[in-house]
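Okay, thanks for having me, everyone. Let me put the structure up and then walk you through what I found in it.

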Amino acid sequence: MVASAACFTANVLLVRLLGEMHAANSWLVCCVRFVVGLLMIGTVYRREFQPGHLIRRRQLIERGVVGGIGVYVTYLTVIQLGAGRATFIGNTYPIWGALLAAWILRERLQPGVLAGGLAAIAGLGLLTSVFSTNTHPGIYDLLAFTGAWLSAYVVVTIRQLHATEHTSTIFAAQCAYGLVICAVPGVLTWTPLPAGAWAVMLAAGVCAGGGQLTMTRAFRDLPVGEGSLLQMLVPLGTAAGGMVFFGERFALREAAGAALIVAGTAFILLRQPDPANAEAE
């Protein structure tokens with residue numbers, strides 16, 4: 001899951017680079033991400049991948065449609081709200097995921113996971129300076145909150161699907177149905193791009209595919225609350241990458257937020273496994 005967070009961090013930084021190059025088309029970025037993901041599955045998991053399941057298994061269809069919509073909602077809210085506010089709202093999903101998993105999967109709602117999650121979310125709020133803005137909640141805030149719940153539903157569904165499906169097929173559902181959702185808008189908003197922008201977009205797609213595959217595989221063994229909380233390292237890595245590659249600087253408040261995220265996720269990494277969940281695995 002930590003490797004997945006590293007891949008998603010690289011993906012976000014590369015998409016940000018596209019913005020710096022004035023070549024960011026959210027529909028096209030989504031399409032490239034899904035096409036690259038399918039190519040990765042076809043290359044690495046030729047024997048394990050079961051494409052027929054994508055049209056026969058209802059839960060795979062749900063995972064694909066919800067996951068595809070969630071990817072676009074993430075890009076849209078970042079554009080409309082700004083990276084800080086959208087990231088803060090979207091990354092509340094570990095808490096909602098833990099609650100859904102306790103209800104649907106009967107996973108134990110561990111106080112340690114909730115404490116670590118709340119600390120990490122508080123740190124994320126400081127890191128993104130979301131509490132210092134004067135923006136009043138609006139329709140895009142509601143959309144970002146909806147996206148957080150979609151993400152929570154997806155990770156619970158991934159846990160369920162591992163009982164019958166291979167990691168590659170679960171990931172392919174998102175790619176296939178996400179491409180169906182984004183293909184037409186991607187064509188309609190098409191504009192020519194320089195070769196450098198295509199190279200960055202393809203690299204971002206590879207990073208996103210690697211992040212999704214490792215995350216999907218990790219949820220085979222990790223409870224939803226614990227696994228999704230480790231994804232909180234993505235905004236921290238993105239902030240650090242912004243400092244290294246884009247000349248950003250941390251204020252004292254932001255540094256304190258980063259420390260809270262590290263503390264919350266480190267607490268989850270270093271704690272002893274929960275016996276009830278270990279037996280369930």
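**Inside the model**

Let's start with threonine 216: leaving aside neighbours within four places in sequence, this residue is in contact with Ile158, His162, Thr167 and Ile170, where contact means heavy atoms within 4.5 Å. Threonine 216 lies in helix H10; helices here are DSSP runs of H or I with at least four residues, strands are E runs of at least two, and both are numbered from the N terminus. At 0% relative accessibility, threonine 216 counts as buried. By buried I mean under 20% relative accessible area, with exposed over 50% and partly exposed in between, using a 1.4 Å probe and protein chains only.

Quick housekeeping. This is a predicted model, so local features need pLDDT of at least 70 and side-chain atom pairs count only at pLDDT 80 or more, while totals for chains, interfaces and linings use all residues. Residues are numbered from 1 along each chain as its sequence is written, and side-chain values use heavy atoms, with hydrogens and water left out.

Now, the core. A nonpolar core is a set of buried Ala, Val, Leu, Ile, Met, Phe, Trp, Tyr and Cys residues joined through side-chain atoms within 4.5 Å. The largest one has 55 residues, and the members touching the most others are Met1, Leu18, Cys30 and Met201. At least two residues each come from helix H1 (2-20), helix H2 (26-44), helix H4 (58-81), H6, helix H8 (139-161), helix H9 (167-188), helix H10 (195-218) and H11. Which helix gives the most to this core? H2 does, with ten residues. Apart from that core lies another, of 16 residues, including Phe88, Ile95, Met232 and Ala239.

Back to methionine 1 for a second: beyond its neighbours within four places in sequence, methionine 1 is in contact with Met215, Ala218, Phe219, Leu222, Gly227, Leu230 and Gln231.

On to cysteines. How many disulfides does the structure hold? Zero, counting a disulfide as a pair of cysteine sulfur atoms within 2.5 Å. Cysteine 30 is in none, and the nearest cysteine sulfur, that of cysteine 182, is 4.4 Å away. Cysteine 30 is also buried, at a relative accessible area of 0%. Why is there no bond between cysteine 207 and cysteine 7? Because the sulfur of cysteine 7, the closest cysteine sulfur to that of cysteine 207, is 6.1 Å away, too far for a bond.

Cysteine 207 turns up again around asparagine 11, a residue of helix H1 that contacts Arg33, Tyr75, Ala204, Cys207 and Ala208, sequence neighbours within four places aside. Is asparagine 11 buried or exposed? At 6% relative accessibility, asparagine 11 counts as buried.

Two chain separations, while we're here. Valine 113, in helix H7 (residues 111-127), is 117 residues from leucine 230 along the chain, with 10 Å between their C-alpha atoms. Leucine 81 and histidine 162 are 81 residues apart along the chain, and their C-alpha atoms are separated by 35 Å.

Last thing, the cavity. The structure holds one cavity of 30 Å³ or more. Of the eleven residues lining the largest cavity, the closest to its centre are Ala98, Glu107, Arg108, Gln110 and Gly225. Helix H6 (93-104) and helix H11 (224-230) are the elements giving two or more residues to that lining. For the record, a cavity is a set of points on a 1 Å grid over the protein atoms alone where a 1.4 Å probe fits but cannot get out, and lining residues have an atom within 4 Å of a point.

Key:
On a 1 Å grid over the protein atoms alone, a cavity is a set of points where a 1.4 Å probe fits but cannot get out, and a pocket is an open set with protein on both sides within 12 Å along at least five of seven lines; lining residues have an atom within 4 Å of a point. Grid points are joined across faces, edges and corners, and a volume is the space filled by probe spheres set on the points.
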